[in-house]
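Hi everyone, thanks for making time. I'd like to walk you through a model I've been looking at, so have a look at it while I talk.

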Amino acid sequence: MPLKEPTPIRDRRHDARLVTRRIFIAAALCVISVVVLMTQLVRLQVVDHHHYVTLSQENRVKVVPVPPTRGIIYDRNGIVLAENRPSHRLVVTPERVPDITSALTEIAKIIDLPDAKRERFEDLLRRKRHFEEIPLRTRLDEEEVARLAAHRHRFPGMEVRAQLVRHYPLHEHASHAVGYVGRISPNELRRIETSRYRGTSHIGKGGVELAYEDILHGDVGYERVETNALGRVIRTLERQPPRPGDDLVLTIDSRLQEVAERALGDRRGAAIAMDPRNGEILAMASTPNYDPNIFVDGMSRAQFQELERGAWQPLFNRAVRGRYPPASTIKPFIGLAALDRGIITADETIRCTGEYFLDGIERPYRCWRPGGHGNVDLAAAVAQSSNVYFYEIGFELGIDAMGEFLRPFGFGETTGIDLVGERAGVLPSRKWKRTNLGEGWFHGETVITAIGLGYFVTTPLQLVTATSVFATRGERVQPQLVRAVQDGSTGEERFLGNTSPHPRIELEDPEHWESTIKAMRDSVRHPRGTARIISHGLRYDLVGKTGTAQLTTLGEERDYEHDERPEHLRDHAIFIAFAPADAPEIAVAVVIEHGGSGGAAAAPVARAITDAWLRDDTSYLMTLEAGRIDTRRAEEIIETPIGVLP
Amino acid sequence: MSLGAAEYRGTELHRLSFLQDRLHLDGTLLTALLALSIFGMAVLYSAFGEDIAQVQKQAVRLSVAFVALFALAQLPPATLRRMAPWIFAGGMILLVVVMARGVIGQGAQRWIDLGVVRFQPAELMKIALPVMVAWLFADSELPPRWTRIVIALGVILIPTALIALQPDLGTALLVAASGIFVVYLSGLRWRWIVSGIGAAFAAAPLLWFFVMHSYQKTRVLTFLNPESDPLGAGYHIIQSKIAIGSGGLFGKGWLNGTQAHLEFIPERHTDFVLAVVAEEFGLVGVAQLMAVYLFVVGRGLYIAANAQDNFCRLLAGSLSLTFFVYALVNAGMVSGLLPVVGLPLPLISFGGSSLVTIMAAFGILMAIHTHRRTWSS
């Protein structure tokens, strides 16, 4: 090339050669680096291809939650009330099943698959995402597990999983106190911390299972696992074990619970026994009850509604949620109030004529006993349950003083028991009526309140708490169902103890306690006492008070005898008691819905419970169960309740 | 004294086409670049889950980039050479402005907002720096004297440090590379090169302890052992390797990459787009793509070797090699050979700023190839 350049041609050539050489070297390096890169790609895409295909299909290492073992629930003596049992269940991952309908039909030929289960599965199938496992059958028996294993190849996407499920070995026993677990509902899912519940399908729904959910649940653990293309775990890489939930020791004594439940029998009602010294609930029966195990497997919506709203509402815990008029059981409290306020003395008598008149009201307020009880002092008025006596002193007290005196016993407010959904009842007052009904207070309502009727409603738990105050002469404890928490890993026991948030009730004269307790003793021991039916063979000092809550206003003319009334119009039978009177160990409240009179129906249940607790004696229960306590005769002698409401 | 275009048209010495003669474009290079761009849009269509709107955005950016290429191809290299110090000085000022605003604004600051478009001064440096170093070496004999080399190293170090502090380690590395390539091509003695590499290794700990941000350290540590943090920093690399490995020899097919479509690949339209290519087109696809890149670099180096003066040789060589480093570092990082430094795959990745720079560099290459001075005998 005959080119003429500004600088000497030799130097230009030299420079060009130098740069060209460097360019060649650079080009060679480029090729080499691409070769290195391609080597890496060959390694990834050819040599390790299958490994990465596996990883890409199931994608990577999975983190699998390991749910914690739920805490066990014991009674106070270590009897298991709720535990976890291994169970096999069949789960379906919809996206892996080519044809769900035909697969269900086919699998029904191998295992028992009731229509209800199938419906429930189809319900879940609509709600869940298609790569999530949906349970089809729970509690497979060994034979079914074996059959499924043999036919496994025919059912892709269906797996048998072993897991621990909640089991309540005593079934209906103490069901309201223990509660139950069920599948986590969409509502609960919004409320709970979902990361804590990864891998957990059930959650406490009632009783202490619900109230102590946080303690029972524990903390979820994790496993990092390597899976193959089909999602089966090949090996575990790393494991962080879950922290099991803590165990609960209840205050319930299963034996006493059994007595309470059997004593109630097939009647509707509640019986609750408490240690007045520390608030420990020794027995808490609510009938009818239910088998919590049915919730574990899940049931159809219709089944659940039947349980929840059906005629007798077995899920309803009458002991803490049932609201009943205290009726005559309030009389010792009113009597005590009158003593304390100096309205009467224990020995003063009031003439019970069977009728009580208020100024300006024509119709009389009646005593349940036609003709009345004659001249009665406090003991006789309580023992024989004179209404007129209490109309009189109630009127003297007035509604404000009554409310002021009764509130510290826990009426009108929740007791604070460790359960969810406790009701507060109503302690009527001017303010309450104004707020809730928008009306002023009438004198007539004061006298009705004095015999525990009208707007006055309490739960059986409130009754037993108030009775305990009597037993301890002023100490109000907070009822509790859980006695101790045992650490799930170490077994270390932590007693909860009882902190009484309530101040002691101080009377002007502590002797007033004894006067009123004597009156309650008379109701059991005195020949004319309303609860004397239970005094036969009674070897310890049981004191109590009957109550009979009329549900209908019966006219002056009694149209028919109590027993002839339709069931739902019969009276609620109520009884409160504690024993021994001087050093109380147990307080009891019994309510039997539409059970008749408190003395005849409720008192024997209480005696069966106190006999069992104080003397370890169930003979009274046997007598009761055998129907050998002649309540009919007792009714005739003691009372035939009549309407009192004007 | 140069001849008019009409006078040398048809001479045997240069096979001139209309493209080369009038438009100052290199047909060979242009074809390869267009092929890469079109392939890139196809890959993006898949990576975006068949969202054509995103691909259209990329098409607009590519058009802008090709306009930049065309514009720079018209600029005679001699003019570029004369402007070299001014371009570099402008770039430095912009870098300092960005830096200052970053200091005030507390945090990473890379952009200058021009209203219509945002502009990264670091991108400008990718071209301004090799132009400047080539200018330094161009008017004397090669290899340059050591005084010039020291000046050149200073010219390289200052913008690199500014960019690294932004912090944008990937771009800083590329900018430094573009300058160092000029030094290398200028014929710096091997013993100096070897000692330079040795010094770099020695400086690495200093970099580690005093310069690098914690996220950058994490990236390096993750690169060394991705499995140490499978759900955190190592996730990118692990998922990327799964995508590549599961692609196999022939790939899962266009639009069929499960890793990409199930969104397991992070940054799958930008830095990790090569994983999508590898998953869907397999080893064969990646090999072909790499072959095209090699071809582009080869053509660039050919242009450099045939350039008419030192400035052009050094600049063309450096721009070509920088482009290659771009592709190589990205591929290395996606396939787990290099730490994740946050560089896009040139002409394939979604994004505008670097695209314009790359095309502008090719514009300069084409200008070097087509604006040839001829001398009458």
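Let's start in strand E4 of chain A, residues 134-140, which is where you'll find A:Arg139. This is a predicted model, by the way, so everything I say is about a prediction. What's odd about A:Arg139 is that its phi is positive, about 50 degrees, although it is not a glycine. Is it buried or exposed? Well, A:Arg139 counts as partly exposed because 14 other C-beta atoms lie within 10 Å.

There's another residue with that kind of backbone angle: A:His594 also has a positive phi of about 50 degrees without being a glycine. You'll find A:His594 in the loop between E21 and helix H21 (598-615) of chain A. A:His594 has 19 other C-beta atoms within 10 Å, so it is partly exposed. The cut-off for buried is 20 or more, so that count of 19 doesn't make it.

Staying with the backbone, let's look at cis peptide bonds. One of them joins A:Thr287 and A:Pro288, with omega at about 0 degrees. That proline, A:Pro288, sits in the loop between strand E12 (281-287) and helix H11 (293-297) of chain A. Another cis bond links A:Ala579 to A:Pro580, and there omega is about -20 degrees. A:Pro580 is in a loop too, between strand E20 (572-579) and strand E21 (586-592) of chain A.

Okay, let's zoom out. Chain A has 23 helices and 21 strands. Of its 646 residues, 44% are buried. And here's something about how the chain folds back on itself: take the contacts in chain A between residues at least 6 apart in sequence, and 75% of them join residues at least 24 apart.

A:Ser386 gives you a feel for that. It's in the loop between helix H15 (378-383) and H16 of chain A. Why does A:Ser386 count as buried? Because it has 29 C-beta neighbours inside 10 Å. Setting aside residues up to four places away in sequence, A:Ser386 touches A:Cys352, A:Cys367, A:His373, A:Val376 and A:Ala381. As for A:Arg351, it is 35 residues from A:Ser386 in sequence, and their C-alpha atoms are 9.7 Å apart in space.

Now find helix H18 of chain A, residues 443-450. Which of its residues are buried? They're A:Thr446, A:Val447, A:Ile448, A:Thr449 and A:Ala450. The cover over the buried residues of H18(A) includes helix H14 (331-340), strand E14 (355-356), strand E15 (365-366) and helix H16 (387-406) of chain A. After H18(A) comes A:Gly452, with a positive phi near 75 degrees.

On to the cores. One general idea first: in soluble globular proteins, nonpolar side chains tend to be buried together. Here, the largest nonpolar core has 126 residues, and the ones touching the most other members are A:Ala271, A:Ile272, A:Val588 and A:Ile609. This core takes at least three residues from each of domain 1 (63-250) and domain 2 (255-289 + 317-638) of chain A. If you click on A:Ile272 and ignore neighbours within four places in sequence, its contacts include A:Ile281, A:Ala283, A:Met284 and A:Ala319. A:Pro460, A:Leu461, A:Val464 and A:Ala589 are also in contact with A:Ile272. There's a second, separate core of 124 residues, including A:Ala27, B:Met132, B:Val325 and B:Ala331.

That brings us to where the chains meet. The contact takes 34 residues from chain A and 44 residues from chain B. On the chain A side, helix H1 (9-47) and helix H2 (49-57) each supply at least two residues. H1(A) gives the most to that side, with 21 residues. By class, the chain A side has 20 nonpolar, eight polar and six charged residues.

Last topic: confidence. The predictor gives the complex an ipTM of 0.87 and a pTM of 0.59. Chain B averages a pLDDT of 82, and 83% of its residues score at least 70. Among the elements of chain B, helix H13 (residues 273-305) has the highest mean pLDDT, 93, and helix H1 (residues 5-8) the lowest, 49. Over residues 1-6 of chain B the pLDDT stays under 50, and the model has seven contacts beyond four places in sequence for them. Residues 8-13 of chain B are also below 50, with four contacts beyond near neighbours in sequence. Where pLDDT is low, the predicted coordinates shouldn't be read in detail.

That's it from me, thanks!

Technical notes:
Residues are numbered from 1 along each chain as its sequence is written. Chains are lettered from A and ligands numbered from 1 in the order in which they are written. This is a predicted model: local features need pLDDT of at least 70, side-chain atom pairs count only at pLDDT 80 or more; totals for chains, interfaces and linings use all residues. A residue is buried if 20 or more other C-beta atoms lie within 10 Å of its own, exposed if 12 or fewer, and partly exposed in between; C-beta atoms are placed from the backbone. Helices (H or I, at least four residues) and strands (E, at least two) are DSSP runs, numbered from the N terminus. Two residues are in contact if their C-beta atoms, placed from the backbone, lie within 7 Å. A nonpolar core is a set of buried Ala, Val, Leu, Ile, Met, Phe, Trp, Tyr and Cys residues joined through C-beta atoms within 7 Å. Domain bounds come from an automatic or database domain assignment. pLDDT is the predictor's confidence in each residue, from 0 to 100. Ala, Val, Leu, Ile, Met, Phe, Trp, Tyr, Cys and Pro count as nonpolar, Asp, Glu, Lys and Arg as charged, and the others, Gly among them, as polar.
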